[in-house]
Amino acid sequence: MAQTQWWQRGIFYQVYPRSFQDTNDDGIGDLDGIRARLDYLVALGIDAVWISPIFPSPMADFGYDVADYCGIDPMFGDLEAFDRLIEEAHARRLKIVLDFVPNHTSDQHSWFAESRASRENPRRDWYIWRDPAPDGGPPNNWMSNFGGPAWTYDPASGQYYYHAFLNQQPDLNWRNPQVRAAMHDVLRFWMARGVDGFRVDVIWHLMKDADFRDNPPNPEYGPGDPDIRRFLQTRSTDQPDVHAIIAELRGVIDEYEDRVLIGEIYLPIDRLVTYYGENLEGAHLPFNFQLIHASWSAPRLAELIADYDAAVPEGGWPNWVLGNHDQPRIASRIGARRARVAAMLLLTLRGTPTMYYGDEIGMENVPIATEDAHDPWEKNEPGLGLGRDPERTPMQWDASPNAGFTNGRPWLPLAADFTTRNVAVQLEQPASLLGLYRELIALRRDHPVLHAGTYRKITALGDVLVFLRESAEECVLVALNLAGTAQDDIPLPPGTYGRVLLSTESDRPRQERVEGHLSLRPNEGVIVSLDARG
Ligand code: NOJ
């Protein structure tokens, strides 16, 4: 097997810092809290922690509105706390990846204050300003991702500014070389402090149509859809010239050794894979969200895995994501039983897995009424089920008050079941989801074929997905029963027999020998090491 990099072998774990661990009793997680939990992450077996934004911010979008790219919001700590975190993470061989939010700043960023000060200000062109349409309205039909038009009028200068998200999140003008240079320096600032890479927020948004032409209507837009679905985002995002911008970012990343560039991209597979760059000079890992949107059936999963695997360019490295802070939790999407099978899928597919904090204990969406919502999307477009608070609730560490997350009042409510669903309880139960995650991660580490072998689909028999991971040294078969009924006749490849390495059902004996056919219980997944029958 070819030599692999840490971000190819390893497993990423996303921490939403507000909700991971509070240490100063303000009900909001912080950097010292993450540091206090590093040993948990080491024991879990993950390799890299991606931390959602921790920079000074008015928190209109909970940190995705950055007011200073080179500082730490006091809510989370300070630069010394950050340096301690890096040092202690690295001492444990954990990598730290930061969230880089280059598409927009906060409207409270000093750059924007200067930009809006007057049309003549040297920073005017750092943002996207346009004259009103002839009728005085917005310059074009682009919509904000959080509802309403993406243009806000500034009466003082008589122009509109563009914001793909909140009006408190003005988009930077990436066509301006000064903006690019300033943002490159931000990357250098953090890499010099030891940061191992970046997850780049909405990287496919960075360039917009140079002529700001209207987006075409979306024929599938219908009642109950958010505003952003009214039009296809073909002019406002995913422009051909974005790739040169990303190649420049990658150039900066490559000035430092062993760093990773991950891009957040919600696009169909054929568009997504262009973000590797024509000559692999783009993102190392364009985030692949196929599993988030997939309907959970074996034929559908088999198809999308095959399509994705085939589309990743030669030399590009695949990756898989089950959940994040913008999406309903996996356990709520597919149910607790199938979440076990999903864990096995995530950790046996070809490509780097990214986990979302709390998914390893099966945390579910916590219902939050619209009137209690914090998320601006829910507030702007209430009642459509768009709010993202439910998947951002505090980590459930133990059965003590507030689940060991805080001694204060948690900024979001805890799940009702935290006294029974928590890390402490599950660490005591090998059969728990956490126990399964730990075993899967250990298995992935001990069997290089699982992180570096090829992928070969065998079949999607009924609702059983069967695939092989193969290398010169080893061949492993993964069979996942996605149905609530037992499946008794899953054939092994001719001429082979198998030994069960791990099942999602903890009472299945390890090393159980299987020949001819494999039987699976309802919602059972197994990993089987195959050998030639001799
Ligand atoms: C994507 C982030 O994941 C999301 O949380 C945020 O609201 C938008 N980008 C805007 O930055």
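The paragraphs below walk through a predicted model, beginning with its pockets and going on to its aromatic rings, a strand hairpin and its cysteines.

The largest pocket holds about 1400 Å³ of space. Its lining is made up of 45 residues, and those closest to the centre of the pocket are Asn145, Trp204, Ile228, Tyr266 and His293. Sorted by class, this lining contains 19 nonpolar, 15 polar and 11 charged residues, and both helix 8 (269–272) and helix 9 (290–293) supply at least two residues to it.

The second largest pocket, with about 330 Å³ of space, is lined by 16 residues, among which Gly10, Gly45, Ile46, Asp47 and Arg445 lie nearest the centre. Two or more residues of this lining come from helix 1 (6–9) and likewise from helix 15 (433–446), and helix 15 gives the most, with 3 residues. By class, the lining of the second largest pocket divides into 6 nonpolar, 3 polar and 7 charged residues.

Turning to the aromatic side chains, a search of the whole structure finds 31 aromatic pairs. One of them joins Tyr308 and Trp320 in an edge-to-face arrangement, with 4.9 Å from centre to centre and 70 degrees between the planes. Because Tyr308 belongs to helix 10 (residues 298–311) and Trp320 to strand 10 (residues 319–321), the pair ties together parts that are 12 residues apart in sequence. Tyr308 is buried, with a relative accessible area of 0%, and Trp320, at 1% relative accessibility, also counts as buried. Elsewhere, Tyr13, Phe20, Tyr40, Tyr356, Tyr357 and Trp397 form one aromatic cluster.

A hairpin can be followed further along the chain, where strand 12 (residues 454–461) pairs with strand 13 (residues 464–470) in the antiparallel sense over 7 bridges. Within this pairing, Lys457 has Phe467 in strand 13 as its bridge partner. The hairpin has 2 residues between the strands, and Gly462 takes a positive phi near 55 degrees there. In a regular strand, side chains alternate between the two faces of the sheet.

The cysteines complete the tour. A disulfide is a covalent bond that links the sulfur atoms of two cysteines, and the rule used here, a pair of cysteine sulfur atoms within 2.5 Å, gives a count of 0 disulfides for this model. As for how far individual cysteines are covered, Cys70 is partly exposed, with a relative accessible area of 28%, whereas Cys475 is buried at 17%, because a residue counts as buried under 20%.

Conventions:
Residues numbered from 1 in each chain as written. Predicted model: local features only at pLDDT ≥ 70, side-chain atom pairs only at ≥ 80, totals over all residues. Heavy atoms only, no water. Buried < 20%, exposed > 50% of the residue type's maximum accessible area, 1.4 Å probe, protein only. Pairing = 2+ DSSP bridges. Helix = DSSP H or I, 4+ residues; strand = E, 2+ residues; numbered from the N terminus. 1 Å grid on protein atoms, 1.4 Å probe; cavity = no way out; pocket = protein on both sides within 12 Å on 5 of 7 lines; lining within 4 Å. Points joined across faces, edges and corners; volume = space filled by probe spheres on them. Nonpolar A, V, L, I, M, F, W, Y, C, P; charged D, E, K, R; others polar. Phe/Tyr/Trp six-rings, centres within 6.5 Å; stacked < 30°, edge-to-face > 60°.
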